[in-house]
Amino acid sequence: MTCSSCSLHAPTLSFSLFFTFRRSRGRDMSCPNLLLSNPRKHATLRLSKVSGHTTELLEIQSDKPTFHVLFIPGNPGVVSFYKDFLESLYELLGGSASVTAIGHISHTEKNWEHGKLFSLQDQIDHKVDFIKQELQNNELPIVLVGHSIGSYISHEILRFLEKVTYLIGLYPFLMLNPLSKQQSNIQNVAESSILSALLSFSVASLGLLPQCTLRFILSKSLGSSWSDTAIDAACSHLLQYHTIRNMLYMALMEFRKLSEMPDWAFMRENHEKIAFLFGVDDHWGPLQMFEEISKQVPGISLSIEREGHTHSFCCTEAGSEWVAHHVASLIKKKISS
């Protein structure tokens, strides 16, 4: 999520990519070489109908899984951004789990929903429906991993499905940050249907450029540290009118819902099933939230990433591998306990 101003002229592109993907300014650090020596198994994209909505799934199927990792993205809910992360996580888990990332409704390459807008609650219900449709009937327990608002969505899923045995929230967006000018600017745009439409149209117009020109602009706008995977995902999904409109509408619903206090009682009751990773400089999941959770929910698993990968970890190869290693370590520790 990167946004320094509310201007609709220059840098329009940067403003449109604010939600989950803050500009990566972390060091290009290499993750310790803990991956397996076998060739990496690649994630594949699949389309599935979930409650009548065409849904993008990015998945890696294990031959002998003992559990299933379901990944919930942030906003924008474009699973293609997480390809490097998912492949690293699968590899670090040694093939013991199948891994699936589920995209948000209408945060897609094609306008399957014909311009309809979907709220935060719509997206939560969509994920619950997917689990009931594809994962409920097998015997494998589910580990939820959520990023940004995906952490909140995962938290809500935990309320309804006993099949979920563990939840890991990455750079979680769980409550509004009144000190964040970025959030205030985004909310001002999201609350205006005119500004939302203008911004969406402006961003979508960039998608008409030749691919080579578009990739050059994205590389210059978003930073040279962005991976090819992230650039490809931005080119294919984010420069779409329907995607931007749904990003803004979902963000508006996020701001309204997350103005409420978290359900501390539920979190305390389930603290052994929950772990959160915070960043040092992240206005979506500030360290004040880390401290508040520590106070309100004693014994919950909390970590702080200090390697400089930022909220948009999935946009760099180094960030994807570091966070995958952290998630794999948490899962292995939980399984062995």
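This report covers the central sheet, two helices packed on it, and the cysteines of a predicted model.

**The sheet**

Strands of a sheet pair through backbone hydrogen bonds, either parallel or antiparallel. Here, 8 strands form an open sheet with mixed pairing. Their order is β1-β2-β4-β3-β5-β6-β7-β8. The edges belong to β1 (44-50) and β8 (301-305). Each of these has a single partner strand, so one side of each lacks a neighbour in the sheet. From one strand to the next, the twist averages 20°.

Strands β3 (residues 67-72) and β4 (residues 97-102) run parallel and are joined by 5 bridges. Within this pair, Leu 70 stands opposite Thr 100 in β4.

**Helices on the sheet**

Helices α3 and α4 pack on the sheet, as set out below.

| Helix | Strands touched | Direction |
|---|---|---|
| α3 (residues 120-135) | β1, β2 (53-60), β3, β4 and β5 (142-147) | about 100° with β1 |
| α4 (residues 149-160) | β3, β5, β6 (164-170) and β7 (274-279) | about 150° with β5 |

Strand β3 is touched by helix α3 and also by helix α4. The same holds for β5.

**Cysteines**

How many disulfides does the structure hold? The count is 0. Cys 315 is in no disulfide. Its nearest cysteine sulfur, that of Cys 314, is 4.3 Å away. A disulfide needs the two sulfur atoms within 2.5 Å.

Is Cys 315 buried or exposed? Cys 315 counts as buried because its relative accessibility is 0%. Cys 212 counts as exposed, because its relative accessibility is 61%.

How values were computed: Residues are numbered from 1 along each chain as its sequence is written. This is a predicted model: local features need pLDDT of at least 70, side-chain atom pairs count only at pLDDT 80 or more; totals for chains, interfaces and linings use all residues. Side-chain values use heavy atoms; hydrogens and water are left out. Buried means under 20% relative accessible area, exposed over 50%, partly exposed in between (1.4 Å probe, protein chains only). Two strands pair if DSSP finds at least two bridges between them. Helices (H or I, at least four residues) and strands (E, at least two) are DSSP runs, numbered from the N terminus. Axes are lines fitted to C-alpha atoms, for helices over the stretch in contact, and angles run from 0 to 180 degrees between N-to-C directions. Contact means heavy atoms within 4.5 Å.
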